[in-house]
Amino acid sequence: MGLNVAIVGATGAVGVEFMQVLERRRFPIKELRLLASKRSAGSKLAFNGQQHTVQELTAESFKGCDLALFSAGSSVSKQYREACVKAGCLMVDNSSAFRMEDGVPLVVPEINPGEAVKALQKNGGKGVIANPNCVTIIALVALAPLHKEAGIRRLVAATYQASSGAGHAAMVELQEGTRAFLDNKPFTPKVLPWPYAFNLFPHNSPWMEDKGYCEEEMKLLKESHKILGDTSPRITATCVRVPILRSHSEALNVEFVKPLSVARAYEILRQAPGVTVLEDRSKNRWPMPMDVSGKDNVYVGRIRADHSNPNTLDLWVVGDQLLKGAALNAVQCAEVALLGKLAPNANP
Ligand code: A2P
């Protein structure tokens with residue numbers, strides 16, 4: 001017994017993680033279809049100890065499928081949505097294509113699991129669940145329980161984003177650029193706009209000239225409001241790419257409506273689903289990307305009262321962009337919608 005599952009973008013950075021997450025969480029699979037572009041058709045990938053052949057994605061790929069996990073970019077998601085949904089297959093989409101569309105649930109299962117099932121409702125369900133932006137997921141897993149307790153009035157976020165957010169090729173570019181830098185050789189980036197090794201730059205998503213923000217920064221604002229079901233938190237962000245392979249870090253300055261002590265914030269977060277508090281003040285030890293890469297949970301530490309503003313806390317939050325920021329959250333959405341329950345995090 002099990003479901004027929006398709007992975008669209010199976011050869012990509014998130015695609016490979018989809019397979020590992022499905023394996024680790026023992027997602028019940030009858031048949032697995034690995035789909036990518038024509039370039040990868042015929043290549044083999046291992047799943048549950050068996051080799052599977054990658055097939056070229058076509059409109060026929062979804063026949064008989066129950067679930068399709070998409071991570072092949074917005075244009076592929078837009079092109080194949082109809083074929084997928086018409087085949088009666090639930091689409092969980094990691095791209096930004098449908099996140100803000102009315103009627104498409106935008107889901108972080110620790111926060112708004114009830115929304116996931118709406119995708120499949122007979123009248124009005126659109127057959128699509130949108131997986132939120134990685135920075136937004138990682139911030140909200142930590143912030144939503146605090147918002148519930150004390151209400152966020154304003155969030156000021158600074159992000160330190162890993163290369164994985166730009167896909168497998170950007171991860172390779174960071175490694176190759178680092179090697180070239182150390183060998184004193186010239187290196188011209190092809191995926192990212194600027195040299196990445198021993199450098200950093202404000203996020204290279206499209207610049208929204210009217211607002212002065214880049215798209216990534218606006219996603220945190222708009223998607224947070226949709227996920228929380230509350231447009232009252234005022235949110236601003238500066239998103240930055242740093243030369244890290246796969247975990248995003250975020251410095252969050254959060255002003256609350258009601259008083260919230262540091263001790264109470266720790267107490268809430270120690271009990272919050274999907275959160276690990278990691279710190280040892282005596283050793284000046286807080287979550288780092290190297291602690292969190294490969295981990296399912298979002299890690300939090302360094303919670304302190306902002307001495308420059310009343311009712312305000314500072315938090316340091318780190319999450320694996322490829323897992324909770326992408327593949328894990330998408331598989332959890334599918335679990336809630338199709339299986340009615342979440343499997344425990346295999347690697348918290
Ligand atoms: P391929 O490896 O054949 O190019 P990443 O996010 O790491 O860049 O990965 C993108 C994923 O999306 C890859 O699996 C890639 O397949 C897949 N992909 C890109 N364009 C298409 C397309 N037009 N049709 C199907 N899959 C695509």
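**Ligand site and cysteines of the predicted model**

The ligand occupies the largest pocket, a pocket being an open set of points, on a 1 Å grid over the protein atoms alone, with protein on both sides within 12 Å along at least five of seven lines; a molecule sits in a pocket if more than half of its atoms lie within 2 Å of its grid points. The model is predicted, so that local features need pLDDT of at least 70 and side-chain atom pairs count only at pLDDT 80 or more, while totals for chains, interfaces and linings use all residues. Residues are numbered from 1 along each chain as its sequence is written, and side-chain values use heavy atoms, with hydrogens and water left out.

The ligand is surrounded by 15 residues, of which Thr11, Ser37, Arg39, Ser40 and His168 are the closest; a residue counts as near if one of its heavy atoms lies within 4 Å. Polar contacts, pairs of N or O atoms within 3.5 Å, link ligand oxygen atoms to the side chains of Ser37 at 2.5 Å, Arg39 at 2.7 Å and Ser40 at 2.4 Å. The protein buries 70% of the 570 Å² that the ligand exposes when taken alone (Shrake-Rupley method, 1.4 Å probe).

The structure contains 0 disulfides, defined as pairs of cysteine sulfur atoms within 2.5 Å. The sulfur of Cys65 lies 5.0 Å from that of Cys89, its closest cysteine sulfur, which is too far for a bond. For Cys134, the nearest cysteine sulfur belongs to Cys239, 8.9 Å away. Cys65 is buried (under 20% relative accessible area), with a value of 3%, and Cys134 is buried at 10%.

Conventions. A polar contact is a pair of N or O atoms within 3.5 Å; within protein, one must be able to donate a hydrogen and the other to accept it, and residues adjacent in sequence count only if both atoms are side-chain atoms. On a 1 Å grid over the protein atoms alone, a cavity is a set of points where a 1.4 Å probe fits but cannot get out, and a pocket is an open set with protein on both sides within 12 Å along at least five of seven lines; lining residues have an atom within 4 Å of a point. Buried means under 20% relative accessible area, exposed over 50%, partly exposed in between (1.4 Å probe, protein chains only).
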